[in-house]
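I opened the model today to look up a few helix packings and one chain contact. My notes follow in the order I took them.

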Amino acid sequence: MTMLSVENLNVWFGEGCDRVDAVIGATFAVEPGDSFGLVGESGSGKSTILRAVLGLVPDWSGKITVADKVLGKTREKSFYKTVQMVFQDPYASLHPRHSVDQVLGETLYLHGFRDIDTRVVKLLDDVGLGGKFRFRYPHQLSGGQRQRVAIARALAAEPEILLLDEPTSALDVSVQAEILNLLADLRTEHGLTYVMVSHDLSVVGHMCDRLAVMKDGEIVEVMNVDALRQSKAKHPYSQDLLRASV
Amino acid sequence: MTLLDVENLWVKFPSRHGAFDAVRGVSFTLGRERLGIVGESGSGKSMTGRAILRLIRPPGIVEADQISLEGRDLMKLSERDMREVRGQQISMVMQDPKFSLNPVMTIGDQIIEAYRLHNSTSKSKAYAKSIEMLEAVSIRGPERVMRAYPHEMSGGMGQRIMIAMMLIPNPQILIADEPTSALDVSVQRQVLSIMDKLVTDRGMGLIFISHDLNLVADFCDRVLIMYAGRIVEVCDADKLHEATHPYTRGLLNSLPRLDAPIDRLEVLKRDPAWSQTPSVSGRI
Amino acid sequence: MSDTQSLRAWLLTETPTSRRHAKLSAIYHAWLSFRTNTMAMLGLAILVLLVIIAIAAPILAPADPFAQELSNRLQPPGAENHILGTDSLGRDLLSRLIYGSRITLYIVGLVALIAPITGLLVGTVSGYAGGWADLILMRITDIFLAFPRLVLALAFVAALGAGIENAVLAISLTAWPPYARIARAETLTIRSSDYISAIRLQGAGPLRIITKHIWPLCISSLIVRVTLDMAGIILAAAGLGFLGLGAQPPSPEWGAMISEGRRFILDHWWVATVPGLAIFTVSLAFNLLGDGLRDVLDPKDGET
């Protein structure tokens, strides 16, 4: 069973002469337990692919399959128990008036869990935050701590796939290392599948097994991380990107 | 020769919970070289840049033994005199051109305004100089750009326009605060090489503030590493990878590297002693 | 001493131990912030005084506000038994002022409840739903916004008869549209943020999102707006009272008092001026409070 399969995905915004094609003919597949990277510069469409999978874009065509189920226009509740997302900006992904406890509690409640207290404590432990963070508000947390809460929220549903949209690009270098280690640990512990979007090739090289390089909405190359490390990119754009990153 | 001499700079922000010291006793000199100031958020690097230009407003307090530009102490100048220094002798390029360019004026109007603030010339002479400046930053079709608005420009172009605008009065020192952080990787190189060329050609001093250690090591001559408002290490850029301070080493080692794959990234262990030891002097 | 110190430490802690603790801590921080604004504290003090006066009116008033003493009419301030003088029917002005504060608070309280809440409901639903709902609700808002307050009040009085409740209704009906606009604008901004996307990804429906996620963020700007509007509401009520459309005689409503005193303003200025000063003071107090609240509640979030 392929965990996530995207075939000939097109995403556009606007109509007629105002139409902007954000994603054009994207095709790739991710096996269970894999970590797949989507790399490209701003405007390449990589984040849009994640949003399309989540059902957050209105106009798209093509075929998206998650855990062998083809997705339609809307998403059912069971979908959100399989796929979750960690957003890029930890300063914008937590509700400013909700404490950590409320964020996690509400998420657990919406997914039908009733042993909320125990689960909140366990989630906070899993992401390396202790009980003393439980009742804090976002403005009382650092960027790294907020991102840990966002990861805990994503894990609350016990998903199989985590979509990560540039999870460390808004964080300091030293904090990035902690969060990347945490994500790697969680993936092993919970047997998760990752799809990670990043503009940073070294982060993708560290976290992922395979990756797709995107430019102007199209996937120009799909390759193995080993090929990336040995600078064996085939497409000229990928080669350019590699050269600029080193 | 020393262009800028900063000695014992402190920047304090009084608050309900006691004073917060953003910069604590920073000293360095700047010659006709490229000096990098590297640090994470909260290290005080941006505050240092702003303090030099006296852009920090009350309730912030700036104290220093001296901040001398070619022997002239900027701390002793009146606001009026300081306004002449800003732009004319020391210029600043900031991170995101979306926020540093006025969105309701055309680019041409802004560059001309910047020029005429410091030189009394006719509009047509200012226009000619502006076109010249835009060409110097490798912008093709400068006349079209002069008529355009900032939101019509891409990030890379916007930043090049900022550099053009900031260099038009021919300052002696350019302070660049994360000038390429908001840009794509491929555009970064381009903008940096333009800045490099201009700075070298004109014999300017450049202070390059960034969080990106490797970028600064590539681009600058000398590097100051800041942590918690203090300078913890000073070294030559090409010797950065032989740095000795545990914070610098920690930063270098915690970066993922394509050419050196590793299972777990090294996590920086912060030692409280680092923020307590007095600042290392960057003065030559 | 040490009890208050430990209470203060408990409230200022960085690690709250329960939901209630966290909420109280947040409120305490906001209070500390507010306290530094002297003018706002002055406004708050005046309003607290107003509430106390209204509650304790029977105790504080030296005389019956309705007791007429025609032999004592139009006495100047400083007359015996009448610190602020008497009106045209010999009634003690101070007592009428004190009892009038109850009416003022009643009007202000009702309008402050009805207008922002209606506005919040209309604005958030309109902003979140978009499409036809947004269009229709906003046009309805525009229609109510177009009504001049006094004309509407006149219409109500003509249809339902004069009285305070109808005055309140008239004022509320013209006061809610700006709140709807504010709420809608905030909703549009909030709607596209990541934390709303995140909760949608947990399967939350529109009702939960609007009530639990959007309303808490709109409420602070509405509160600020209400306090700043208070001055206008009091004056509107006073204006209606002045025209005889609000509180009816012998009710000691401040606007009606000014109206009665109009005839005597040249020789007996205090009859109109005293209630006028009261209105001025209370309006100013609300303005100062509103300013202070805005500094504390202003969602330039990052630091609440």
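**Entry 1: α5(A) and α6(A).** I found that α5(A) and α6(A) are roughly parallel to each other, because their angle falls under the 35 degrees cut-off. The angle itself is about 15 degrees, and the axes lie 10 Å apart. I noted that this is a predicted model. Helix α5 of chain A covers residues 143–156. I then looked up the hand of the crossing: α5(A) passes α6(A) in a right-handed one.

Next I listed the contact. From α5(A) come Gly143(A), Gly144(A), Gln147(A), Arg148(A), Ile151(A) and Leu155(A). From α6(A) come Val175(A), Glu178(A), Ile179(A), Leu182(A) and Leu186(A). I sorted these by class and got six nonpolar, three polar and two charged residues.

**Entry 2: α4(A) and α5(A).** I stayed with α5(A) and turned to its packing with helix α4, residues 116–126 of chain A. The angle here is about 130 degrees, with the axes 9 Å apart. That makes α4(A) oblique to α5(A), because the angle lies outside 65 to 115 and is not over 145. The crossing of this pair is right-handed.

The α4(A) side of the contact consists of Leu123(A), Leu124(A) and Asp126(A). The α5(A) side consists of Ala152(A), Leu155(A) and Ala156(A). By class I recorded five nonpolar residues, no polar ones and one charged. I marked Leu155(A), since it is listed in the contact with α6(A) and in the contact with α4(A).

**Entry 3: chain A against chain B.** How many residues does each chain bring to the contact? Chain A gives 22 residues and chain B gives 21. I then asked which helices of chain A supply at least two residues each to the side that touches chain B. They are α6 (173–190), α7 (201–207), α8 (225–229) and α9 (236–245). The largest share, six residues, comes from α6(A). So α6(A) packs with α5(A) and also supplies residues to the side that touches chain B. I split the chain A side by class: nine nonpolar, eight polar and five charged residues.

**Entry 4: chain B as a whole.** I counted eleven helices and eleven strands in chain B. Its C-alpha trace spans about 60 × 50 × 40 Å along the principal axes. I checked the radius of gyration against the globule rule. For 284 residues a compact globule would have a value near 19 Å, and chain B has 19 Å, so the two agree. Buried residues make up 42% of the chain. I also looked at contacts with a separation of 6 or more: 68% of them join residues 24 or more positions apart.

**Entry 5: α10(C) and α11(C).** Last, I went to chain C. Helix α10 (residues 206–242) and helix α11 (residues 254–261) have axes that come within 7 Å and cross at roughly 45 degrees. That makes α10(C) oblique to α11(C), because the angle is neither under 35 degrees nor in the range 65 to 115. The crossing is right-handed.

On α10(C) the contact residues are Ala237(C), Ala238(C), Gly239(C), Leu240(C), Gly241(C) and Phe242(C). On α11(C) they are Trp254(C), Gly255(C), Ala256(C), Ile258(C) and Ser259(C). By class I wrote down seven nonpolar, four polar and no charged residues.

Key. Residues are numbered from 1 along each chain as its sequence is written. Chains are lettered from A and ligands numbered from 1 in the order in which they are written. This is a predicted model: local features need pLDDT of at least 70, side-chain atom pairs count only at pLDDT 80 or more; totals for chains, interfaces and linings use all residues. Axes are lines fitted to C-alpha atoms, for helices over the stretch in contact, and angles run from 0 to 180 degrees between N-to-C directions. Helices (H or I, at least four residues) and strands (E, at least two) are DSSP runs, numbered from the N terminus. A crossing is left-handed if the near helix is turned anticlockwise from the far one by less than a right angle, and right-handed if clockwise. Two residues are in contact if their C-beta atoms, placed from the backbone, lie within 7 Å. Ala, Val, Leu, Ile, Met, Phe, Trp, Tyr, Cys and Pro count as nonpolar, Asp, Glu, Lys and Arg as charged, and the others, Gly among them, as polar. The radius of gyration is taken over C-alpha atoms; the globule rule is 2.2 Å times the number of residues to the power 0.38. A residue is buried if 20 or more other C-beta atoms lie within 10 Å of its own, exposed if 12 or fewer, and partly exposed in between; C-beta atoms are placed from the backbone.
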